[in-house]
Amino acid sequence: MMYNNLDDSPQDNEEELSQLETQISELFTLLEKSEIQIELLKDENFQLKSQIQILQQQSKPVQIKSHQVETIRVPKENIAIVSPSDTNIRQNKRKCPKCGASGFSIKEVDDKTRIITYVPSKIYMKKKVCTKCRFEF
Ligand SMILES: [Zn+2]
């Protein structure tokens, strides 16, 4: 039995080998086919990408148009917000005559060289200081 097994095994191996070789060749043909399919899919992908580019270029003018509508709307809203006269007067008061900075850039501080009264306590004149260019007015 042992000898038989040993004798048989190489033959089996050879058969197996030939079977494996045919399998390998079959697999190679499959591989070739799949490679051809890959190439076809690559071509299709390339075509689809170029179609997407064409579609994006076609859709660009529409996007620009919608942006133009938005930019026209925004200034109209700004005009409506600015229009109250109170804010305009306040902005004019708190505006640096040197550099034109306004709002939070202008600080009101005591002018220690100009005392209004000593009684009941020292009260100084107020002066405005621009925090941007250090101009006092
Ligand atoms: Zn200034």
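A residue counts as buried when its relative accessible area is under 20%, as exposed when that area is over 50%, and as partly exposed in between. Keep that scale handy, because Cys-133, at 27% relative accessibility, falls into the partly exposed group. One more thing before we set off: what you're looking at is a predicted model.

Let's start with the metal, since Cys-133 is part of that story. Which residues hold the zinc ion? Four cysteines do the job through their SG atoms: Cys-96, Cys-99, Cys-130 and Cys-133, at 2.3 to 2.4 Å. Look at the angles next. The four donor atoms subtend angles of 107 to 114° around the zinc ion, so the arrangement is tetrahedral. If you'd like to find these donors by reading along the chain, look for the spacing C-x2-C-x30-C-x2-C. Within that pattern, Cys-99 and Cys-133 link distant parts of the chain, since they are 34 residues apart. Cys-99 sits in the loop between α2 (85–93) and β1 (106–117), while Cys-133 sits in the segment after β2 (123–130). Cys-99 has a relative accessible area of 42%, so this cysteine is partly exposed too.

Now for the strands. How do β1 and β2 pair? They run in the antiparallel sense, and eight bridges join them. Together they make a hairpin, with five residues between the two strands. To get your bearings, pick out Val-109, which stands opposite Lys-127 in β2. Another handy landmark is Ile-115, which belongs to strand β1. The C-alpha atom of Ile-115 is 6.0 Å from that of Met-125, although the two residues are 10 apart along the chain. Is Ile-115 buried or exposed? Neither label fits: its relative accessible area is 32%, so Ile-115 counts as partly exposed.

The loop of this hairpin has a little surprise in it. Most residues other than glycine have a negative phi, and most peptide bonds are trans. Here, though, the peptide bond from Val-119 to Pro-120 is cis, with omega near -5°. You'll find Pro-120 in the loop between β1 and β2. The other half of that general rule has its exception as well: phi of Arg-134 is near 65°, a positive value, and this residue isn't glycine. Arg-134 belongs to the segment after β2. With a relative accessible area of 69%, Arg-134 is exposed.

On to the charges. Side chains of opposite charge can pair when their charged atoms come close. How many salt bridges does the structure hold? There are five, and we'll visit some of them. Go back to Lys-127, the residue in strand β2. Its side chain meets that of Glu-136 in a salt bridge, at 2.9 Å from N to O. The two partners sit on opposite sides of our 20% cut-off: Lys-127 is buried because its relative accessible area is 16%, whereas Glu-136 is partly exposed at 45%.

A similar mix turns up with Asp-111 and Arg-114. These two form a salt bridge whose closest N and O atoms are 3.5 Å apart. Asp-111 has a relative accessible area of 8%, so this residue is buried. Arg-114 reaches 42%, which makes this residue partly exposed.

For another salt bridge, move over to helix α1, which covers residues 2–82. Glu-39 and Lys-42 both lie in this helix, three residues apart, and that is about one turn. They form a salt bridge, with 3.9 Å between the closest N and O atoms. Why do the two get separate labels for accessibility? Lys-42 has 51% relative accessibility, so this lysine counts as exposed, while Glu-39 has 45% and therefore counts as partly exposed.

Our last stop is a pair of rings. The structure holds one aromatic pair. It is made by Phe-135 and Phe-137, whose rings are stacked: they are 6.1 Å apart centre to centre, with 20° between the planes. Are these rings' residues buried or exposed? Both fall in between: Phe-135 is partly exposed at 29%, and Phe-137 is partly exposed at 32%.

Conventions:
Residues are numbered from 1 along each chain as its sequence is written. This is a predicted model: local features need pLDDT of at least 70, side-chain atom pairs count only at pLDDT 80 or more; totals for chains, interfaces and linings use all residues. Side-chain values use heavy atoms; hydrogens and water are left out. Donors are N, O and S atoms within 2.8 Å of the metal (3.2 Å for Na, K and Ca); water is not among the atoms, so sites may look incomplete. Four donors count as tetrahedral if all angles lie between 85 and 135 degrees; four count as square planar and six as octahedral if opposite donors are over 155 degrees apart and all others between 65 and 115; anything else is irregular. Helices (H or I, at least four residues) and strands (E, at least two) are DSSP runs, numbered from the N terminus. Buried means under 20% relative accessible area, exposed over 50%, partly exposed in between (1.4 Å probe, protein chains only). Rings of Phe, Tyr and Trp (its six-membered ring) pair if their centres lie within 6.5 Å; planes under 30 degrees apart count as stacked, over 60 as edge-to-face and the rest as tilted. Two strands pair if DSSP finds at least two bridges between them. A salt bridge is a side-chain nitrogen of Lys or Arg within 4 Å of a carboxyl oxygen of Asp or Glu.
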